[in-house]
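Colleague: I am new to this structure and would like a close look at a single part of it, the sheet and what packs around it. Could you take me through that part slowly, and then place it in its wider setting?

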Amino acid sequence: MVVINYKELSGVDIMHVLLMGEIFFSEHDFYQELKATGFSIDRVGYDPQILSASRFYDYDMIIVELDALDKQFFATIKLLRSINDKLPMLVVSKKADVELKVQAFQAGVDDYVVIPFATQELLARCKAVLRRSDKVVADRIIKVDQLQINLETREVFVNGNIVRLTGKEYAILEMLILRRGVLISKITILNYLYPEGVDEPDMKIIDVFVCKLRKKLQNAGAGDLISTMWGQGYIFRQSNPAVKDNLHQA
């Protein structure tokens, strides 16, 4: 799981969500709707140890797929709840078992949704839980200097002009800008672009994608916003120094 700890993004709080479970694959309607609403997402398989470690990250909401009475899970939820009694936590499960529901609520989860669920219903439940915890869903438009991204329409603009990106290029840009100032490794980007079950290409393909993305943004007038940390990964700059210099000289 990627270690991310950020809050401020263009003056707007981006909701940072942990999705835990096999149902939340990247093509799932709920996953896509959550992204379109402006959430930043970490997606992992079910693992109580990772869930326990989530207390060290700055998550705004945790959604877990649970299909069995797992004592370690309930103990972990109680631990997280004792540390942060306002952290929204939801469970989705194929089990409509009353005992499982009762134990989940007693442990501290805020809502329990039975699979299959309607995507819009689960999204509405998420927003309701966030409202109750005094959190606000983020704006769908992010601006950094002359660059603007619409998370809902997946459109990118520089100086008001649209920049045509491929699906992979946009996905990388979205990932970097939502976590700007944070080093994102190549393996993290690779796993983000190619979900489990899909044959992954060579790691060098990430360099190709980023190179093309950087060139398109620079040609459009956005400057050099993506920094390469050789042997590690990439960082989206908090701001573009060259832009500030040009503004001061104007």
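Modeller: In this predicted model, the part to look at is an open sheet of four strands, whose order is 8-9-10-11 and whose pairing is antiparallel. Strand 8 (141–144) and strand 11 (161–162) stand at the edges, and each has a single partner strand, so one side of each is left without a neighbour in the sheet. Strand 10 and strand 11 are joined in the antiparallel sense by two bridges, and within this pairing phenylalanine 157 has isoleucine 162 of strand 11 as its bridge partner. Helix 6 packs on the sheet, where it touches strand 8, strand 9 (147–150) and strand 10, and the direction of the helix makes about 105 degrees with that of strand 9.

A good residue from which to view this arrangement is glutamate 155, which belongs to strand 10 (residues 155–158). Glutamate 155 counts as partly exposed, because its relative accessibility is 32%, and the cut-offs that matter here are under 20% for buried and over 50% for exposed. Once residues up to four places away in sequence are set aside, glutamate 155 touches Gln148, Ile149, Asn150, Ile162 and Tyr170. The last of these contacts can also be described by distance, since glutamate 155 and tyrosine 170 are 15 residues apart in sequence and 8.4 Å apart in space, taken from C-alpha to C-alpha. There is a polar contact as well, in which the side chain of glutamate 155 meets the side chain of threonine 153 at 3.1 Å.

The helix that packs on this sheet leads on to the interior of the model. The largest nonpolar core has 54 residues, and the members that touch the most others are Phe30, Ile63, Leu147, Leu193, Leu217 and Phe236. Helix 6 (residues 167–178) gives the most to this core, with eight residues. Phenylalanine 236 shows how several parts of the chain come together, for when neighbours within four places in sequence are left aside, its contacts are Val144, Leu147, Leu173, Leu176, Ile177, Arg180, Gly181, Leu225 and Ile226. A second, separate core has 21 residues, among them Met20, Tyr57, Leu87 and Val109.

Phenylalanine 236 also brings in another set of strands. Isoleucine 226 stands opposite phenylalanine 236 in strand 14, and strand 13 (residues 226–229) and strand 14 run antiparallel, joined by four bridges. These two strands form a hairpin with three residues between them, in which glycine 231 takes a positive phi near 80 degrees. Strand 14 (residues 233–236) is joined to strand 12 (residues 184–185) as well, by two bridges and again in the antiparallel sense, with tyrosine 234 of strand 14 as the bridge partner of isoleucine 184.

Methionine 20, named above as part of the second core, leads to strand 3. Strand 3 (residues 16–20) is mostly covered, with five of its five residues buried. From this strand His16, Leu18 and Met20 point one way, whereas Val17 and Leu19 point the other way, and all are buried. Strand 3 pairs in the parallel sense with strand 4 (residues 40–44) over five bridges, and leucine 19 stands opposite arginine 43 there. Strand 3 also pairs in the parallel sense with strand 5 (residues 61–65), over four bridges, where the bridge partner of methionine 20 is valine 64.

One further element deserves a place in the picture, and that is helix 3 (residues 71–83), which contains threonine 76. Threonine 76 has a relative accessible area of 7% and is therefore buried. A polar atom of its side chain lies 2.8 Å from the backbone oxygen of glutamine 72, while its contacts, leaving aside neighbours within four places in sequence, are Pro48, Leu51 and Ser52. A search of the whole structure finds one aromatic pair, and this pair is made by phenylalanine 73 and phenylalanine 74, which are edge-to-face, with 5.3 Å from centre to centre and 70 degrees between the planes. Phenylalanine 73 is buried, at a relative accessible area of 0%, and phenylalanine 74 also counts as buried, at 6% relative accessibility.

How values were computed: Residues numbered from 1 in each chain as written. Heavy atoms only, no water. Pairing = 2+ DSSP bridges. Buried < 20%, exposed > 50% of the residue type's maximum accessible area, 1.4 Å probe, protein only. Polar contact = N/O pair within 3.5 Å; in protein donor to acceptor, adjacent residues only side chain to side chain. Contact = heavy atoms within 4.5 Å. Phe/Tyr/Trp six-rings, centres within 6.5 Å; stacked < 30°, edge-to-face > 60°. Core = buried A, V, L, I, M, F, W, Y, C linked by side-chain atoms within 4.5 Å. Axes fitted to C-alpha atoms, helices over the stretch in contact; angles between N-to-C directions.
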